[in-house]
Amino acid sequence: MLAVANQKGGVAKTTTVASLGAALAQRGRRVLLVDLDPQASLTFSLGVDPEDLDVAVGDVLLGEKDAGDAIVVAEEAVHLLPSTIDLARAEESLASRTGREHRLRAALQGVLDDYDWILLDCPPSLGVLTAAALTAATDLLIPLQCETLAHRGVGQLLDTVHDVRAYTNPDLTVLGVLPTSYDGRTRHARAVLEAITESYDLEVLEPPIPRSIRFAEAPAYGLSILQTATNHRGAQAYRDVADRLLA
Ligand code: ADP
Ligand code: MG
């Protein structure tokens, strides 16, 4: 189970979850994607309208429904545990509930055997939903845009990982950072990437995901770039990262 987290918004967490999910499904793996963002971008981008849902991840975290009651089948046989705006209310309510960090792990226990890969799309914060994701996950992937200030938050995220290991999930592994929206032609992007990996002693997952307008277009079709632009280098980059995960 892989959490994709970074409390900074717009670093391609959701794009990475949708694209890796599609790539793993194309490799014949049984894939579940979990939308943990009340904005429900992942849910929308897989062509599911949150307004049409009676049950979603918020109900599951509150213990009112089983994960199996909320999971829907999206494109390319990818399964989705969707989010709706109600997740914001569920998150508030969870703040005062016992076992909040452990609830996602417990909720997914019943469906673990149905999937080869479960990818968790975290919200842009280090609150209870991200803590629950890091508690449930075996591994963490940190998408990062290689801008000067992009790494300001990485230390804070790693502090959270430290706490998670100490209190809720001792075995959490940090796979490393995935450079996204990467423009390898600029010396600047390369320099920032080096600075980040050196200062935090993190692996860099290869290849970097190139910057391309194609990524912004895909969600409008309810598909990932792997379906809308199969041969695009961005799609190929995510397939290569998926193959690294499988290796
Ligand atoms: P997050 O989930 O971290 O907030 P998103 O995945 O929603 O980030 O991506 C933020 C925006 O950046 C979206 O509009 C998305 O289409 C765009 N984007 C993602 N990856 C790339 C890329 N490699 N090149 C250009 N734009 C990208
Ligand atoms: Mg997102």
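What follows is a walk through the sheet, the helices around it, the ligand shell and a few backbone oddities of this predicted model.

The natural place to start is the sheet. Seven strands make up an open sheet in the order 3-4-2-5-1-6-7, and the pairing is mixed. Strand 3 (72-73) and strand 7 (173-180) sit at the edges, each pairing on one side only. Helix 1 (residues 13-26) packs on this sheet and touches strand 1, strand 2 (31-35), strand 5, strand 6 (139-145) and strand 7. The direction of helix 1 makes about 165° with that of strand 5. Strand 5 itself covers residues 117-121 and pairs with strand 1 (residues 2-4) in the parallel sense, over three bridges. Within that pairing, A3 has L120 of strand 5 as its bridge partner.

Strand 2 deserves a paragraph of its own. It runs parallel to strand 5, with five bridges joining the two, and L33 stands opposite L119 of strand 5. Strand 2 also runs parallel to strand 4 (residues 79-81), this time with three bridges; here V34 is the bridge partner of L81 in strand 4. As for cover, five of the five residues of strand 2 are buried. In a regular strand, side chains alternate between the two faces of the sheet. In strand 2, V31, L33 and D35 are on one side, L32 and V34 are on the other, and all are buried, so both faces are covered.

Next come two of the helices. Helix 7 (128-136) is mostly covered, with nine of its nine residues buried. These run from V128, L129 and T130 through A131, A132 and A133 to L134, T135 and A136. The buried residues of helix 7 pack against strand 1, strand 5 and strand 6, and also against helix 5, helix 6 (103-109) and helix 8 (154-167). Helix 5 (residues 86-94) has a shorter list of names to give: its buried residues are L87, A90, E91 and L94. Those residues lie on the same side of helix 5 because they cover an arc of only 105° around the axis. The spacing behind this is a familiar one: an α-helix has 3.6 residues a turn, so residues three or four places apart point the same way. Helix 3 (57-61) and helix 7 are among the elements that cover the buried residues of helix 5.

Turning to ligand 1, there are 17 residues around it, and A12, K13, T14, T15 and F215 come nearest. Helix 1, already met on the sheet, supplies three residues, the largest share of the shell. Helix 1 and helix 10 (214-217) each supply at least two. Sorted by class, the shell holds nine polar, six nonpolar and two charged residues.

The backbone has some quirks too. Most residues other than glycine have a negative phi, and most peptide bonds are trans. S181 goes against the first of these habits, with phi near 50° in a residue other than glycine. S181 lies in the loop between strand 7 and helix 9, and it counts as buried because 22 other C-beta atoms lie within 10 Å, where 20 or more are needed. D201 is not a glycine either, yet its phi is positive at about 55°. This residue is in the loop between helix 9 and helix 10 and is exposed, since 8 other C-beta atoms lie within 10 Å, the cut-off being 12 or fewer. P207 is found in the loop between helix 9 (187-200) and helix 10 as well. The peptide bond joining E206 and P207 is cis, with omega at about -5°.

One last loop residue is worth a look. V111 has its place in the loop between helix 6 and strand 5. With 16 other C-beta atoms within 10 Å, V111 is partly exposed. Leaving aside neighbours within four places in sequence, V111 is in contact with L32, A67 and G68. L32 of that set is one of the buried residues of strand 2. A67 is 44 residues from V111 in sequence, but the C-alpha atoms of the two are 7.4 Å apart in space.

Technical notes: Residues are numbered from 1 along each chain as its sequence is written. Chains are lettered from A and ligands numbered from 1 in the order in which they are written. This is a predicted model: local features need pLDDT of at least 70, side-chain atom pairs count only at pLDDT 80 or more; totals for chains, interfaces and linings use all residues. Two strands pair if DSSP finds at least two bridges between them. Helices (H or I, at least four residues) and strands (E, at least two) are DSSP runs, numbered from the N terminus. Two residues are in contact if their C-beta atoms, placed from the backbone, lie within 7 Å. Axes are lines fitted to C-alpha atoms, for helices over the stretch in contact, and angles run from 0 to 180 degrees between N-to-C directions. A residue is near a molecule or strand if its C-beta atom, placed from the backbone, lies within 6 Å of it. Ala, Val, Leu, Ile, Met, Phe, Trp, Tyr, Cys and Pro count as nonpolar, Asp, Glu, Lys and Arg as charged, and the others, Gly among them, as polar. The arc is that of the directions from the helix axis to the C-beta atoms.
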